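Please look at the arrangement of the chains first, and then at the way a single chain is divided.

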Amino acid sequence: MLHFTSVKDIGSLDSAMAKAMEIKKDPFANCNLGKHRTALLLFFNSSLRTRLSTQKAAENLGMNVIVLDVQQGAWNLETRKGVVMDSDKPEHLLEAIPVMGCYADIIGVRSFARFESKEADYNEEILNKFIRYSGKPVISLESATRHPLQSFADHITIEEFKKKPKPKVVLTWAPHPRALPQAVANSFSEWMVAAGYDLTITHPQGYELDERFTHGAKIVYDQSEAFRGADFIYAKNWAAYRDPVYGKILSKDMSWMVDSRKMELTDNAYFMHCLPVRRNMIVSDRVLDSPASLVIPQAANRETAAQAVIQSILETLLKQH
Amino acid sequence: MLHFTSVKDIGSLDSAMAKAMEIKKDPFANCNLGKHRTALLLFFNSSLRTRLSTQKAAENLGMNVIVLDVQQGAWNLETRKGVVMDSDKPEHLLEAIPVMGCYADIIGVRSFARFESKEADYNEEILNKFIRYSGKPVISLESATRHPLQSFADHITIEEFKKKPKPKVVLTWAPHPRALPQAVANSFSEWMVAAGYDLTITHPQGYELDERFTHGAKIVYDQSEAFRGADFIYAKNWAAYRDPVYGKILSKDMSWMVDSRKMELTDNAYFMHCLPVRRNMIVSDRVLDSPASLVIPQAANRETAAQAVIQSILETLLKQH
Amino acid sequence: MLHFTSVKDIGSLDSAMAKAMEIKKDPFANCNLGKHRTALLLFFNSSLRTRLSTQKAAENLGMNVIVLDVQQGAWNLETRKGVVMDSDKPEHLLEAIPVMGCYADIIGVRSFARFESKEADYNEEILNKFIRYSGKPVISLESATRHPLQSFADHITIEEFKKKPKPKVVLTWAPHPRALPQAVANSFSEWMVAAGYDLTITHPQGYELDERFTHGAKIVYDQSEAFRGADFIYAKNWAAYRDPVYGKILSKDMSWMVDSRKMELTDNAYFMHCLPVRRNMIVSDRVLDSPASLVIPQAANRETAAQAVIQSILETLLKQH
């Protein structure tokens with residue numbers, strides 16, 4: 001593996017899971033693998049779990065880590081071509097990206113959907129520029145359309161807690177006060193299908209996701225029906241994908257919140273969410289604070305997922321020399 | 001020691017001082033003790049000395065350090081229970097704290113008094129949530145009511161400079177343009193009493209501190225009288241503690257500034273302050289720039305104090321395994 | 001070398017270049033030289049290349065690195081003497097600098113010209129306070145009048161790409177929407193002269209630089225004439241140096257932009273710029289995207305230059321013990 005932007009990059013999921021489990025047993029078994037290597041983690045959007053878990057993972061492997069919070073500084077990058085740069089944007093991505101490539105061995109990039117252009121978002125314009133111009137392996141720390149480190153951690157968590165070989169996993173939309181990207185939902189869907197789980201997606205009419213990600217999942221508009229017999233409930237909000245309302249909030253219907261009554265429809269399902277979670281909008285306090293909630297184990301597995309990915313890339317780099 | 005939030009956690013002050021002196025002699029004697037351990041330093045309020053000295057101390061022990069400046073980002077945490085999270089606060093402390101606990105072996109937290117509720121401040125609501133929910137050892141990097149790493153550094157400094165076994169130490173209030181917490185004064189007072197020094201506290205009427213911290217100290221309202229025969233003058237501003245003016249400025253009386261004339265009342269006392277210090281409000285340039293000023297040695301001892309504390313916690317963690 | 005603020009500190013340029021080339025061959029040959037040493041990098045102004053390259057260089061030598069972004073926080077330092085500090089500035093440089101010196105073995109400082117006082121800028125008031133009060137070796141990460149790490153990297157780049165022993169190097173002014181310091185131009189000029197190159201400086205009337213930096217260079221007001229036969233074109237904007245328009249923009253004349261037509265006047269010259277660069281103001285897309293552009297190799301050499309400087313300082317520190 002050289003770049004990591006989706007489940008397609010991870011290769012065999014069984015091998016990936018085996019590697020993750022080894023890492024979990026001894027996170028420091030390869031503590032010299034990344035010696036004299038630097039990971040640059042670049043955040044165009046804010047981050048808690050991703051920043052901490054990826055930094056920790058890289059340091060477990062002996063790497064140096066440099067974190068750049070672009071959103072906090074006033075670092076406004078030009079991305080258009082052919083423009084006369086006389087505005088407030090002092091630097092072009094075409095210089096900034098290869099420059100960052102000079103000082104890093106692996107570059108992690110977080111760049112959310114901006115909801116300004118569906119085409120720009122779904123073409124992954126920012127992430128792909130890093131892959132094309134940095135000259136270094138690139139890890140998605142959540143891009144416009146996917147959050148693959150989260151999905152990998154979700155996969156690890158389900159493997160640890162599942163009681164059947166092929167559990168029923170339900171991804172449910174839930175209300176949120178702000179318009180959120182589809183990245184977590186897209187990525188979760190394609191990863192769960194790749195993992196061979198029985199995936200059902202439920203959401204209000206109009207919230208259909210891009211079929212390139214949901215292919216292989218059942219779409220059920222009745223949330224109660226979807227929950228029946230579920231082993232894992234994964235809640236997440238997203239804004240509309242379809243035109244002409246791309247990036248818009250179509251509903252804040254609180255009846256879609258995951259609560260105890262709905263969890264009773266399931267087969268003693270676990271509750272999952274990628275965090276941060278809006279209590280009593282996405283999920284009730286009672287469900288989130290119950291033993292069924294896996295949100296903290298999920299977060300803990302972010303470190304393991306990131307470490308498995310970074311380790312694979314380092315192994316590839318070492319083979320190249 | 002597992003958590004460090006006050007002088008009560010440090011155990012024997014003689015042992016703590018002995019450990020500090022060993023560290024000062026050779027800061028790298030235990031440079032592998034923290035190998036493969038991560039210290040997460042979380043700042044809800046700005047920091048210079050605490051951030052630098054604690055990071056340096058942890059690295060001297062071989063730890064990795066991750067610094068999170070919460071105040072600079074827009075990371076607005078919900079702390080209330082049972083609330084519908086439909087506002088601008090995207091995450092609840094109840095998730096954020098255990099998540100941080102996933103990726104860290106020791107968590108340092110700075111969270112000042114907010115002066116919104118005396119009860120919330122003096123119950124140490126934020127610090128105690130970290131102790132309760134993070135699952136990891138917690139170090140106070142200044143909490144609502146105490147700044148124990150500062151007090152420990154002050155203690156080391158006095159031990160290094162004292163000319164009598166039991167010096168007369170005077171904590172004096174001084175004017176400041178902004179309303180400041182009582183944390184440094186509280187913590188200094190309880191540490192000095194624990195160290196067995198002869199402690200006098202002087203301040204204008206109305207600035208009485210919480211007696212739980214000042215118990216064992218003499219309170220003298222006449223600053224000149226307090227200064228007489230002093231070996232150490234420790235200046236600090238704080239806002240009112242008593243109701244109903246908690247958190248308010250009662251006086252900016254410039255006659256309370258420490259100047260050369262007042263220092264002449266002492267027994268050639270040293271001048272101390274935790275920094276940052278307002279020149280010509282708290283203390284005159286002449287006193288601060290004189291050889292009697294210990295403010296830089298105090299700051300240097302912050303590293304030693306932090307290292308002694310982190311070393312004790314690491315030793316406890318290693319015993320647990 | 002103890003401090004590094006200009007070409008005068010580097011000693012023999014031949015030795016410096018030899019050291020740089022060794023570092024480039026094996027950046028980790030001295031990976032334990034900085035063990036147990038901490039570099040504090042302090043930015044009063046924003047930074048991408050300087051921050052990343054200097055951090056990487058220090059870590060290549062085994063140092064710990066602490067980065068402080070002063071500009072992002074609200075850390076407003078008082079610099080005046082004798083003032084009553086009752087404003088929004090909570091700390092004086094006179095305390096802050098020695099405090100930082102307590103926790104660092106080497107201090108890097110970025111502090112641009114403020115254009116408030118030519119005297120303050122050209123006396124390097126901030127940088128010199130760090131040298132005077134920190135008690136530690138100080139590295140300029142671009143000061144009010146010089147950017148020596150950039151100039152050193154430029155020197156390395158020219159040595160790598162030159163086709164003649166003494167190439168013709170042309171520093172050309174180019175338009176920019178904002179008023180920029182003279183630091184890069186000053187520093188480049190004095191370094192190129194010290195390196196023994198044939199240096200020509202071209203700019204519109206009124207943009208004359210301080211002769212203390214340009215001594216030894218030819219000044220030519222006709223840009224086309226200056227470009228003739230050039231081996232290296234170095235573009236840079238700067239604001240006026242001369243009184244009474246110090247720090248002002250005198251011209252945004254777009255005819256000074258470096259484009260393909262002008263590059264044809266040269267002897268197949270390479271194009272150089274320190275970055276960030278305003279496309280289609282300073283230089284046309286076509287020139288910047290051509291094989292003649294050395295801006296990325298220049299940026300990569302920032303790491304090498306920084307490492308050579310830090311290594312020299314570490315060697316001096318080790319000799320002192």
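By what rotation, and with what shift along its axis, is chain A superposed on chain B? A rotation of 120° with 0.0 Å of shift along its axis achieves this, with an RMSD of 0.0 Å, where copies are superposed by least squares on the C-alpha atoms of residues with pLDDT of at least 70 in both. The two copies are thus related as by a three-fold rotation axis. For chain C and chain B, a turn of 120° and a shift of 0.0 Å along the axis lay chain C on chain B, again with an RMSD of 0.0 Å.

This is a predicted model, in which local features need pLDDT of at least 70 and side-chain atom pairs count only at pLDDT 80 or more, while totals for chains, interfaces and linings use all residues. Residues are numbered from 1 along each chain as its sequence is written, and chains are lettered from A and ligands numbered from 1 in the order in which they are written.

Where chain A meets chain B, 25 residues of chain A are in contact with 23 residues of chain B, two residues being in contact if their C-beta atoms, placed from the backbone, lie within 7 Å. On the chain A side, the elements that give two or more residues are helix H2 (49–60) and helix H12 (295–320); helices (H or I, at least four residues) and strands (E, at least two) are DSSP runs, numbered from the N terminus. H2(A) gives the most to this side, with 6 residues. By class, the side of chain A that touches chain B has 13 nonpolar, 5 polar and 7 charged residues, where Ala, Val, Leu, Ile, Met, Phe, Trp, Tyr, Cys and Pro count as nonpolar, Asp, Glu, Lys and Arg as charged, and the others, Gly among them, as polar. Only 4% of the interface residues of chain A are also interface residues in chain B, so the copies meet through different surfaces.

Within chain A, the domain assignment gives domain 1 (7–146 + 301–320) and domain 2 (150–298), with bounds that come from an automatic or database domain assignment. The C-alpha centres of these two domains of chain A lie 26 Å apart, and 19 residues of domain 1 are in contact with 21 residues of domain 2. Helix H1 (13–25) and H12 of chain A are the elements that give two or more residues to the domain 1 side, and H12(A) gives the most, with 4 residues.
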